[in-house]
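Please load the model in your viewer and keep the selection panel at hand. The tour below proceeds stop by stop.

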Amino acid sequence: MADTADTRTPAEIEADIRRRREVLAETLDEIGVRVHPKTLVGDAKAKVSANVDHTLGRAYVQVNRVVSDVRAQFVDAEGAPRLERIVPVALLAVGVVGLLTLSSRRRRG
């Protein structure tokens with residue numbers, strides 16, 4: 001059977017208790033800060049902000065990729081415009097704008 005006798009002096013025991021109380025008080029202060037409503041709201045806002053930043057970053061990369069792909073359709077490797085692709089798209093755009101203009105005039109009249 002092990003000897004369980006405490007060989008510390010009463011002053012050492014009191015010092016240990018005092019240190020333990022200080023550690024517990026510090027821990028309780030940390031817990032109080034962590035569960036405070038302002039801290040919880042701040043943490044939630046930070047998580048939402050991080051998720052929004054991540055989502056926006058992914059969207060930005062995707063948009064850049066699409067723009068690069070579209071640009072590659074209308075510009076050759078040397079940076080010169082590809083007229084065989086630009087002219088039909090421009091004519092189509094003019095046609096759509098013309099149809100929209102005509103349809104809006106007919107509604108007013």
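How many salt bridges does the count come to by the rule that a side-chain nitrogen of Lys or Arg lies within 4 Å of a carboxyl oxygen of Asp or Glu? The count comes to two salt bridges, and both are visited below. This is a predicted model, in which local features need pLDDT of at least 70 and side-chain atom pairs count only at pLDDT 80 or more, while totals for chains, interfaces and linings use all residues. Residues are numbered from 1 along each chain as its sequence is written, and side-chain values use heavy atoms, with hydrogens and water left out.

**Whole chain**

Begin with the protein chain in cartoon representation: three helices and zero strands are present, in the order α-α-α along the sequence. Helices (H or I, at least four residues) and strands (E, at least two) are DSSP runs, numbered from the N terminus. The radius of gyration of the protein chain is 36 Å, well over the 13 Å given by the globule rule for 109 residues, so the chain is more spread out than a compact globule. That radius is taken over C-alpha atoms, and the globule rule is 2.2 Å times the number of residues to the power 0.38. The C-alpha trace spans about 100 × 45 × 25 Å along its principal axes.

Colour next by relative accessible area, where buried means under 20%, exposed over 50% and partly exposed in between (1.4 Å probe, protein chains only). Buried residues account for 2% of the 109 residues.

**Arg8, Asp16 and Arg19**

Select Arg8 and Asp16, whose side chains meet in a salt bridge (2.2 Å, N to O). Arg8 is partly exposed at 37% relative accessibility, and Asp16 is likewise partly exposed at 27%.

Add Arg19 to the selection: its salt bridge with Asp16 has the closest N and O atoms 2.1 Å apart. Arg19 and Asp16 both lie in helix α1, three residues apart, about one turn of the helix. Arg19 is partly exposed, with a relative accessible area of 48%. Salt bridges that share partners thus join Arg8, Asp16 and Arg19 into one network.

**The negative patch**

Finally, select Glu22, Glu26, Asp29 and Glu30, which form a negative surface patch. Such a patch is made of residues with over 30% relative accessible area and no salt bridge, like charges being joined within 9 Å; Asp and Glu count as negative. Centre the view on Glu26, which lies in helix α1 (residues 10-34) and is exposed, with a relative accessible area of 51%.

Technical notes:
Patch = residues over 30% accessible without salt bridge, like charges linked within 9 Å, V, L, I, M, F, W, Y side chains within 5 Å. Areas by Shrake-Rupley, 256 points an atom, 1.4 Å probe, with all protein chains shown as cover. Charge placed at Lys NZ, Arg CZ, Asp CG, Glu CD.
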